Amino acid sequence: MHPIFKYVLYPIPMMKTIPLTFLFTLLYFSTITAQDYSIVGTWQATMDNETGKFIFDKKGYATIDQGGEKIGGKKYKAKGLALKVVYELNPTADPKTLDFIIKKIEDDLEITRMVAIYKFVNEKILILNLNFSSTERPERFDPDSPNQIVLHKMK
């Protein structure tokens with residue numbers, strides 16, 4: 001049994017209760033990690049004077065909407081193929097990772113994957129760093145990089 005539980009489970013003289021309560025509270029709050037917010041929703045960004053949206057749904061589908069042209073989601077067509085785009089998050093990685101995976105609908109075969117890292121500034125601001133030119137995942141955030149996108153949650 002962990003020593004802290006011995007003090008919590010067994011009666012304690014009144015003089016020891018206040019310091020123990022303080023210690024227990026301190027231990028509890030020191031184990032809380034930073035809040036990770038939900039990526040589900042519609043996020044908007046502006047790059048090179050163009051506004052686009054990233055839409056992440058609860059079922060794991062991702063859609064990119066640029067100027068009304070939607071790419072991805074549960075079903076879309078490209079080069080004569082019926083495709084879908086799903087996303088996978090790894091919030092335990094450092095930095096946290098996000099993958100956009102394009103799959104054929106008919107057999108769920110993975111066609112390609114775009115890899116990224118992400119971090120939440122708060123519940124309404126999300127920063128992505130994508131690698132548009134290769135399949136290597138970015139290793140750090142760089143505000144001067146053309147691959148870094150700041151998204152603002154719309155809904």
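Ala, Val, Leu, Ile, Met, Phe, Trp, Tyr, Cys and Pro count here as nonpolar, Asp, Glu, Lys and Arg as charged, and the others, Gly among them, as polar. By that division, the lining of the second largest pocket has seven nonpolar, two polar and one charged residues. The model is predicted. Its chain has two helices and 10 strands, and 30% of its 155 residues are buried. The points below cover the fold, the strand β9, the two pockets and three single residues.

**Overall fold**

- Along the sequence the elements follow the pattern α-α-β-β-β-β-β-β-β-β-β-β.
- The strands of an open sheet of 10 are arranged in the order β4-β3-β2-β1-β10-β9-β8-β7-β6-β5, and their pairing is antiparallel.
- At the edges of this sheet are β4 (69-72) and β5 (76-78), each of which pairs on one side only.
- Neighbouring strands of the sheet are turned against each other by 30 degrees on average, with direction ignored.
- In general, the strands of a sheet pair through backbone hydrogen bonds, either parallel or antiparallel.
- Of the contacts in the chain between residues at least 6 apart in sequence, 31% join residues at least 24 apart.

**Strand β9 and its two partners**

- Five of the six residues of β9 are buried, so this strand is largely enclosed by the rest of the structure.
- The strand β9 (residues 125-130) runs antiparallel to β8, and six bridges join the two.
- Between β8 and β9 there is a hairpin, which connects them through two residues.
- Two of the residue pairs across β8 and β9 can be named: F120 has L126 of β9 as its bridge partner, and I117 stands opposite N129 in β9.
- The strand β10 (residues 148-153) also runs antiparallel to β9, to which five bridges join it.
- In the pairing with β10, I125 stands opposite H152.

**Largest pocket**

- The volume of the largest pocket is about 330 Å³.
- Its lining is made up of 14 residues, and those closest to the centre of the pocket are M47, F54, I64, Q66 and I149.
- Two or more lining residues come from each of β1 (41-47), β2 (50-56) and β3 (62-66).
- The strand β2 gives the most to this lining, with four residues.
- By class, the lining of the largest pocket has nine nonpolar, three polar and two charged residues.

**Second largest pocket**

- The volume of the second largest pocket is about 190 Å³.
- A62, T63, I64, I71, V85, F100, I102, T112, R113 and M114 line this pocket.
- At least two lining residues come from each of β3, β7 (96-104) and β8 (110-122).
- I64 appears in the lining of the second largest pocket and is also among the residues closest to the centre of the largest pocket.

**T97 and K103 in strand β7**

- T97 is found in β7.
- With a relative accessible area of 12%, T97 falls under the 20% cut-off and is therefore buried.
- Beyond four places in sequence, T97 touches E88, L89, N90, A116, I117, Y118 and R137.
- One of these contacts of T97 is I117, the residue that stands opposite N129 in β9.
- K103 is also placed in strand β7.
- The relative accessible area of K103 is 17%, which is under 20%, so K103 counts as buried.
- Not counting residues up to four places away, K103 touches A82, L83, K84, V86, D108, L109, E110 and I111.

**D108 in the loop between β7 and β8**

- D108 lies in the loop that runs between β7 and β8.
- Its relative accessible area is 37%, between the limits of 20% and 50%, so D108 is partly exposed.
- Leaving aside neighbours within four places in sequence, D108 is in contact with K84 and K103.
- K84 is listed among the contacts of K103 as well.
- D108 and L83 are 25 residues apart along the chain, and their C-alpha atoms are separated by 8.8 Å.
- L83 is also one of the residues that K103 touches.

Technical notes. Residues numbered from 1 in each chain as written. Predicted model: local features only at pLDDT ≥ 70, side-chain atom pairs only at ≥ 80, totals over all residues. Heavy atoms only, no water. 1 Å grid on protein atoms, 1.4 Å probe; cavity = no way out; pocket = protein on both sides within 12 Å on 5 of 7 lines; lining within 4 Å. Points joined across faces, edges and corners; volume = space filled by probe spheres on them. Buried < 20%, exposed > 50% of the residue type's maximum accessible area, 1.4 Å probe, protein only. Contact = heavy atoms within 4.5 Å. Pairing = 2+ DSSP bridges. Axes fitted to C-alpha atoms, helices over the stretch in contact; angles between N-to-C directions.
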